[in-house]
Amino acid sequence: MKSKNLTTYVTQLALLCLLIASISTAHAQDTPVKDSTAKDTTAKVQLTLDHNNPKQYVIADITVSGIKYLNPEQILSFTGLVKGDTISLPSEEISFALKKLWAQRFFSDVGISATKIVDNKIYLDIHLTERPRVSTWDFKGIKKGDKTDLREKLHLRRGGELSDYIIKTSIDLIQDFYSEKGYRKAEVNVIH
């Protein structure tokens with residue numbers, strides 16, 4: 001009897017739609033801070049960099065493009081780059097700023113480019129692609145009590161970023177949840 005229930009349950013789980021993540025464009029709670037994707041007309045400057053002879057530049061201005069939900073000042077604080085600071089190019093300063101942005105896990109693409117150079121003044125643009133946001137999620141083919149237990153276990157929040165890491169972690173937690181119940185071959189399908 002348990003084998004038949006297991007087969008039925010695994011079949012139901014195969015149809016499980018764990019997350020239906022609507023990539024939201026607007027929520028009352030998620031009012032965009034700045035939508036600069038439509039206005040991104042920043043021209044990039046070609047720099048010739050000589051590693052044997054780095055040049056000193058004063059950061060005249062730093063813009064942030066491509067963001068929709070995050071605050072530009074917050075982005076700048078992540079990088080450590082400050083208007084008025086002197087940087088050398090090439091150097092580790094830009095690489096370090098890029099690594100710090102990637103470490104935030106908010107972005108699927110990160111770049112820093114020079115938009116203008118006047119004498120020893122450099123104008124930088126940090127261009128980012130934010131990860132999609134979760135607006136809703138749903139569980140299909142499982143008991144109501146299991147839905148409640150999974151919501152508590154997963155700690156999913158509306159408006160949070162949807163990353164590969166979050167999807168993988170959620171799948172692992174759900175499989176562990178059902179493995180503990182004796183359903184070791186439970187399948188989880190994520191639809192987004």
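Helix α4 is followed by His155, a residue with a positive phi near 55°. The model discussed here is predicted, and α4 makes a convenient place to enter it. The helix spans residues 144-154, and its buried residues are Asp146, Leu150 and Leu154. Seen down the axis of α4, these buried residues fall within an arc of 55°, so they line one face of the helix. A general feature of helices helps in reading this pattern. An α-helix has 3.6 residues a turn, so residues three or four places apart point the same way. On the other side of α4, Lys144 and Glu152 are exposed.

What does α4 pack against? Its partner is helix α5, residues 164-180, and the two pack at an angle of about 135° with their axes 10 Å apart. That angle makes α4 oblique to α5, since angles over 145 degrees would be needed to count as roughly antiparallel. The crossing in which α4 passes α5 is right-handed. From α4, the contact draws on Asp146, Asp149, Leu150, Lys153 and Leu154, while α5 supplies Ser170, Leu173, Ile174, Phe177 and Tyr178. By class, the residues of this contact divide into 6 nonpolar, 1 polar and 3 charged. Among the residues that α4 brings to the contact are Asp146, Leu150 and Leu154, which are also the buried residues of the helix.

Lys153 deserves a closer look. This residue sits in helix α4 and is partly exposed, with a relative accessible area of 33%. Leaving aside residues up to four places away in sequence, Lys153 touches Leu173 and Phe177, both of which belong to the α5 side of the helix contact. The C-alpha atoms of Lys153 and Ile174 are separated by 8.6 Å, and the two residues are 21 apart along the chain.

The loop between α4 and α5 holds Gly159. Is this glycine buried or exposed? Gly159 is buried, with a relative accessible area of 8%, which puts it under the 20% cut-off for burial. Its C-alpha atom is separated by 5.6 Å from that of Ser135, although Gly159 and Ser135 are 24 residues apart along the chain.

A second helix pair is formed by α2, residues 72-79, and α3, residues 92-103. These helices pack at an angle of about 120°, with their axes 8 Å apart. That makes α2 oblique to α3, because the range counted as roughly perpendicular runs from 65 to 115 degrees. The residues that make the contact are Ile75, Phe78 and Thr79 of α2 together with Ala97, Lys100 and Leu101 of α3. By class, 4 of them are nonpolar, 1 is polar and 1 is charged.

Some further points concern the backbone in the loops. Most residues other than glycine have a negative phi, and most peptide bonds are trans. Against that background, the peptide bond from Leu89 to Pro90 is cis, with omega near -5°. Pro90 is found in the loop between β3 (86-89) and α3. Beyond α3, Arg105 has a positive phi of about 65° although it is not a glycine. Arg105 is found in the loop between α3 and β4 (107-118) and is partly exposed, with a relative accessible area of 41%. Asp119 is another residue other than glycine with a positive phi, in this case near 55°. It lies in the loop between β4 and β5 (121-130). Asp119 is exposed, at a relative accessible area of 71%, which is over the 50% cut-off for exposure.

These details belong to a chain whose secondary structure comes to 5 helices and 6 strands. From the N terminus on, the elements run α-β-β-α-β-α-β-β-α-α-β. How much of the chain is buried? Buried residues make up 35% of the 192 residues. Among contacts with a separation of 6 or more, residues 24 or more positions apart account for 70%.

Notes
Residues are numbered from 1 along each chain as its sequence is written. This is a predicted model: local features need pLDDT of at least 70, side-chain atom pairs count only at pLDDT 80 or more; totals for chains, interfaces and linings use all residues. Side-chain values use heavy atoms; hydrogens and water are left out. Buried means under 20% relative accessible area, exposed over 50%, partly exposed in between (1.4 Å probe, protein chains only). Helices (H or I, at least four residues) and strands (E, at least two) are DSSP runs, numbered from the N terminus. The arc is that of the directions from the helix axis to the C-beta atoms. Axes are lines fitted to C-alpha atoms, for helices over the stretch in contact, and angles run from 0 to 180 degrees between N-to-C directions. Angles under 35 degrees count as roughly parallel, over 145 as roughly antiparallel, 65 to 115 as roughly perpendicular and the rest as oblique. A crossing is left-handed if the near helix is turned anticlockwise from the far one by less than a right angle, and right-handed if clockwise. Contact means heavy atoms within 4.5 Å. Ala, Val, Leu, Ile, Met, Phe, Trp, Tyr, Cys and Pro count as nonpolar, Asp, Glu, Lys and Arg as charged, and the others, Gly among them, as polar.
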